[in-house]
Amino acid sequence: MESFFSEKRTWADGPYLHFVAVLDDPAYVAYAQAYHELLAAYGDRVGIVPAPWLHWTAQGVHHRLDDGQVETVVQAVMEAARYAAPATVTMGPVWPGPSAITVAMYPEEPLAAVNSLVRAAVSAVPGVQLREAATRFWPHSTLAYFRSPSVHNAEFNRRLRTVRPERVEIIISRLLAVYMYQDVDVGYYTWTPIAEIPLGAAHAAAPKVVCGTARTTATYGATPPWGDSDAEFEITVGRLVVQPPLSESQIRYESFASAALDDSTYFEDAEPPMPVWPDPVTVACERPYGDGVCGSTRLRVRGSWNSPAVITCERGHSWQDTVEMMREVIVAAEPGR
């Protein structure tokens, strides 16, 4: 047995560009967490992967690239991914290995096909060198990395086998291009996102979505107009128009004025003017692109009523917005509207 982040595995000059699928399906998160009580008993000898960092690696690049190379590689993979297909896979069983605990992913063939497609696109970019491919691609997700060689013994293996949650089925429909970090201090991998990459052809056209026509605190405290409040939605929009919120000072003044107006004798002359909502604006990508900024207004918005919006433009640039933004998009995109 060995520690996963040994000298031979630790990167000298990371982070490195990777293409991963974030495995944030609630069913799989629950599956992984079924093992946490057992793993927590081993303290800092095990690096338990938290839910936000559960992933499957489609392909990694294990040397540094400059910004231009990263942009070229991501664009190449994005174009190639149009010819891929979402994969439905079963997670499980769990395998205790010599340096980590991994979860099998079946069937392997569709994931191997995604790996081959991404690998071919990355390899075609000048200056990029990939590690030699294995004879057979091994798709897996890691639950925990061993930080000490004293973890995996017969007792550990026996205790691990007693957990056995039901296997779960998930759908992998997108990859994330990331700068991957080895967070040796906590014992697992983390990343900074670069772009979301859908598997399969994206929608060619979508309707304009206008948000913020009736922003109220009551709206944000209510349940969504359609579906489960924790269900994730992905909404493709032709143009996203939002009404910026009032400033904090305007909100405080509005609250004061509203309360004061309850007493009709408070104001001797006339009622004070209430803050005016800012004019609606069109959301556009502000990421650098070429010699300027991207400026794309063809966007895809993903999130739930209770989670922030993740917005991705047609060129793959991705950024995060607020829960309020996601709620407005869900309301604006309600079926039948």
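This is a guided tour of a predicted model, one selection at a time.

**Before you start**

Residues are numbered from 1 along each chain as its sequence is written, and side-chain values use heavy atoms, with hydrogens and water left out. Because the model is predicted, local features need pLDDT of at least 70 and side-chain atom pairs count only at pLDDT 80 or more, while totals for chains, interfaces and linings use all residues.

Some labels come first. Helices (H or I, at least four residues) and strands (E, at least two) are DSSP runs, numbered from the N terminus. Two strands pair if DSSP finds at least two bridges between them. Buried means under 20% relative accessible area, exposed over 50%, and partly exposed in between (1.4 Å probe, protein chains only).

**Stop 1: helix H1**

Select residues 26-33, which make up helix H1. Which residues of H1 are buried? They are Tyr 28, Val 29, Tyr 31 and Ala 32. These residues cover an arc of only 160° around the axis, so they lie on the same side of H1. The arc is that of the directions from the helix axis to the C-beta atoms. An α-helix has 3.6 residues a turn, so residues three or four places apart point the same way.

Now show the cover. It includes H2, strand E4 (87-96), strand E5 (100-106), E6 and strand E7 (168-172). Contact here means heavy atoms within 4.5 Å.

**Stop 2: strand E8 and its partners**

Select residues 174-183, strand E8. This strand is mostly covered: seven of its 10 residues are buried. Add strand E1 (residues 16-22), which pairs with E8 in the antiparallel sense over five bridges. Pick His 18 and find its bridge partner in E8, Val 178.

Next add strand E9 (residues 188-198). E8 and E9 run antiparallel and are joined by 10 bridges. Val 178 has a bridge partner in E9 as well, Pro 193. Then go to the hairpin of E8 and E9, with four residues between the strands. Gly 187 takes a positive phi near 90° there.

**Stop 3: aromatic rings**

Show the rings of Phe, Tyr and Trp (its six-membered ring). Rings pair if their centres lie within 6.5 Å; planes under 30 degrees apart count as stacked, over 60 as edge-to-face and the rest as tilted. The whole structure holds 16 aromatic pairs.

Select Tyr 42 and Phe 156. Their rings are edge-to-face, 5.2 Å centre to centre, with 85° between the planes. Tyr 42 lies in the loop between helix H2 (36-40) and strand E2 (46-48), and Phe 156 in helix H5 (residues 154-161), so the pair ties together parts that are 114 residues apart in sequence. Are these two buried or exposed? Tyr 42 is buried at a relative accessible area of 9%, and Phe 156 is buried at 0%.

Keep Phe 156 and add Phe 146. The ring centres are 5.8 Å apart and the planes stand at 85°, so this pair is edge-to-face. Phe 146 sits in strand E6 (residues 140-146) and Phe 156 in helix H5, so the pair ties together parts 10 residues apart in sequence.

Another selection shows a cluster. Ring pairs link Phe 4, Phe 5, Trp 11, Tyr 16, Tyr 145 and Tyr 189. Add Arg 9: its charged end sits over the ring of Phe 4, 4.7 Å from the centre. A charge sits over a ring if NZ of Lys or CZ of Arg is within 6 Å of the ring centre and within 35 degrees of the ring normal. Arg 315 lies over the face of Tyr 289, at 4.4 Å from the ring centre.

**Stop 4: a four-stranded sheet**

Select E11, E16, E17 and E18. In that order they form an open, antiparallel sheet. Strand E11 (233-237) and strand E18 (318-320) stand at the edges with a single partner strand each, so one side of each has no neighbour in the sheet.

Zoom in on strand E16 (residues 299-303) and strand E17 (residues 310-313), which pair over four bridges. Arg 300 has Thr 312 in E17 as its bridge partner. Now add helix H8 (residues 323-332). H8 lies across E11 and E16, at about 70° to E11. Axes are lines fitted to C-alpha atoms, for helices over the stretch in contact, and angles run from 0 to 180 degrees between N-to-C directions.

**Stop 5: a three-stranded sheet**

Select E10, E12 and E13. They form an open sheet in that order, with mixed pairing. The edge strands are E10 (209-210) and E13 (281-282). E10 and strand E12 (residues 240-242) pair in the parallel sense over two bridges. End at Val 209, which stands opposite Leu 240 in E12.
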